[in-house]
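Open the model in your viewer and get ready to make a few selections. We will begin with the whole chain, then move in on a few helices and some single residues.

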Amino acid sequence: MKASVERNSALVGNLACFSAYAIFGFNIICCKNIAVDGHITPMALFCLRSFGAALLFWLLSFVLSCRRRAISSSGSAVASSSSAVGSSGSAVASAACASSSPVVSLAGRAASGGDSHCASSARGETAELKKIEKGDYWKIALASFFGLFSTQLTFLLAIPYTTAIDASIMSSMLPIMTLLASAFVMRERITWSGVSGIVLSVIGVMILIFNSVSLREGAETTSVGGIVGMIGNTLSFALYLSIFRPLIRKYSVVTFMKWMFLFSSLYALPFSFSAFSASHLAAVPLSVALQVAYVVVGATFISYFLIPVGQKHLRPVVVSMYTYVQPVVAMVIALSLGLDQLTVLKVVATALVFTGVGLVNFTPSRTTSK
């Protein structure tokens, strides 16, 4: 039974991470197109992502709270009725509990005791209502800085100076950054095969840097500044994955993320006026507006809902492994639309980065003895 639960938990985490990074793969293309269009500045796009996702998470939290109160009221009424009518009330309780959710309905018909099932559902709902402890607000603010503010801002500032394929390759460095962060923060020892993986990936990144510097073909060629920005992006998110997993597992996804994006919006607020003033929102083409909507709803609200689900069930390095989905999706889309071209050096650099990341991720880590 325990093994079955663990398998289901791992399946949920893996599906959540796969979906999130598949969405991120197309996000690279959208952000690149928005940057090239020029009507919306990177900072304005960041503000739109923060404000939009914060609004969506708080609205979702409100809807779920209303639903929980309705279920709680229904459960109380049914409980009173059940005590009055005896065994027939048990069937009524099962039906009332089942009506709250199709999933619960199926489980309720399969279970022999409707009252006990409804009670367990109510306990689950109560757990979801757990409030943020006072001592955790500053931790969530710090998590928001690394996981949202710094991560998204460095990405948006780097993407105008990075081709779609190169940005995807650089994003694949996330597992290595996560392993390094775990070594410093969680005192995990890195083996020789892990070190070899890091060296191979660094060589791949250096090939990208020297290739970009030698070609110098303007904005469509990755610059050193763009690569540095992408490294900052992956390092910041690696710190978020490594340091804040216990905090993420402590609260429900919606509760945690609504506060994460609230703090992110506060970080963005001082820059919002100048960012929107420098943008030309009224002149944004429909195609770009749709891509902005995808970035805000899909690559921010939905993806950042899915990633904490994965973090609850998987180790930080395993979560970061799913960054491999991102370059595959972005590369296929970019090549099919003619937005980028695949060169021999990029193939070699990609092979080195992926080989290094593979070595790092499939190497068992050991905790340093204190």
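Start with everything selected: of the 370 residues in this protein, 48% count as buried. Please keep in mind throughout that this is a predicted model. Switch to a cartoon view and you can look for 16 helices and two strands. Now try a surface view. The accessible surface comes to about 17,500 Å², and carbon and sulfur atoms hold 71% of that area. If you like contact maps, here is a figure for yours: among contacts with a sequence separation of 6 or more, 89% are between residues 24 or more positions apart.

**First stop: α6 against α10**

Select residues 137–158, which form helix α6, and residues 224–243, which form helix α10. How are α6 and α10 oriented to each other? Their packing angle is about 165 degrees, and their axes lie 8 Å apart. An angle over 145 degrees counts as roughly antiparallel, so that is the description that fits α6 and α10. The crossing of α6 with α10 is left-handed.

Next, show side chains on both helices. On α6, the residues to display include F145, F146, T151, T154 and F155; their partners on α10 include M230, N233, F237 and Y240. Glycines take part too, among them G147 in α6 and G226, G229 and G232 in α10. Colour this contact by class and you will get nine nonpolar residues, nine polar ones and no charged ones.

**Second stop: N233**

Stay on α10 and pick N233, which lies in that helix. Is N233 buried or exposed? Its relative accessibility is 9%, and since buried means under 20%, N233 counts as buried. Display what surrounds it: setting aside residues up to four places away in sequence, N233 touches T151, T154 and F155. You have just met T151, T154 and F155 as α6 residues in the contact with α10.

**Third stop: α8 against α10**

Keep α10 on screen and add helix α8, residues 174–185. Here the packing angle is about 50 degrees, with the axes 8 Å apart. That makes α8 oblique to α10. The crossing of α8 and α10 is right-handed.

For the side chains, α8 brings L174, M177, T178, A181, S182 and V185. Across from them on α10 you will find residues including I231, T234, L235, A238 and L241. By class, this contact has eleven nonpolar residues, four polar ones and no charged ones. Look for F237 and L239 as well: both belong to the α10 side of the contact with α8, and both are also listed for α10 in its contact with α6.

**Fourth stop: I231**

Pick I231, also in α10. With a relative accessible area of 32%, I231 is partly exposed. Beyond its neighbours within four places in sequence, I231 is in contact with M170 and M177. M177 is one of the α8 residues from the previous stop. Now use the distance tool from I231 to F155: they are 76 residues apart in sequence, with 9.2 Å between their C-alpha atoms.

**Last stop: V348**

Finally, jump to residues 344–361, helix α16, and select V348 there. V348 is partly exposed, at 37% relative accessible area. Add G204 and check the C-alpha to C-alpha distance, which is 7.3 Å across a sequence gap of 144 residues.

Conventions:
Residues numbered from 1 in each chain as written. Predicted model: local features only at pLDDT ≥ 70, side-chain atom pairs only at ≥ 80, totals over all residues. Heavy atoms only, no water. Axes fitted to C-alpha atoms, helices over the stretch in contact; angles between N-to-C directions. Helix = DSSP H or I, 4+ residues; strand = E, 2+ residues; numbered from the N terminus. Parallel < 35°, antiparallel > 145°, perpendicular 65-115°, else oblique. Left-handed = near helix turned anticlockwise from the far one by under 90°. Contact = heavy atoms within 4.5 Å. Nonpolar A, V, L, I, M, F, W, Y, C, P; charged D, E, K, R; others polar. Buried < 20%, exposed > 50% of the residue type's maximum accessible area, 1.4 Å probe, protein only. Areas by Shrake-Rupley, 256 points an atom, 1.4 Å probe, with all protein chains shown as cover.
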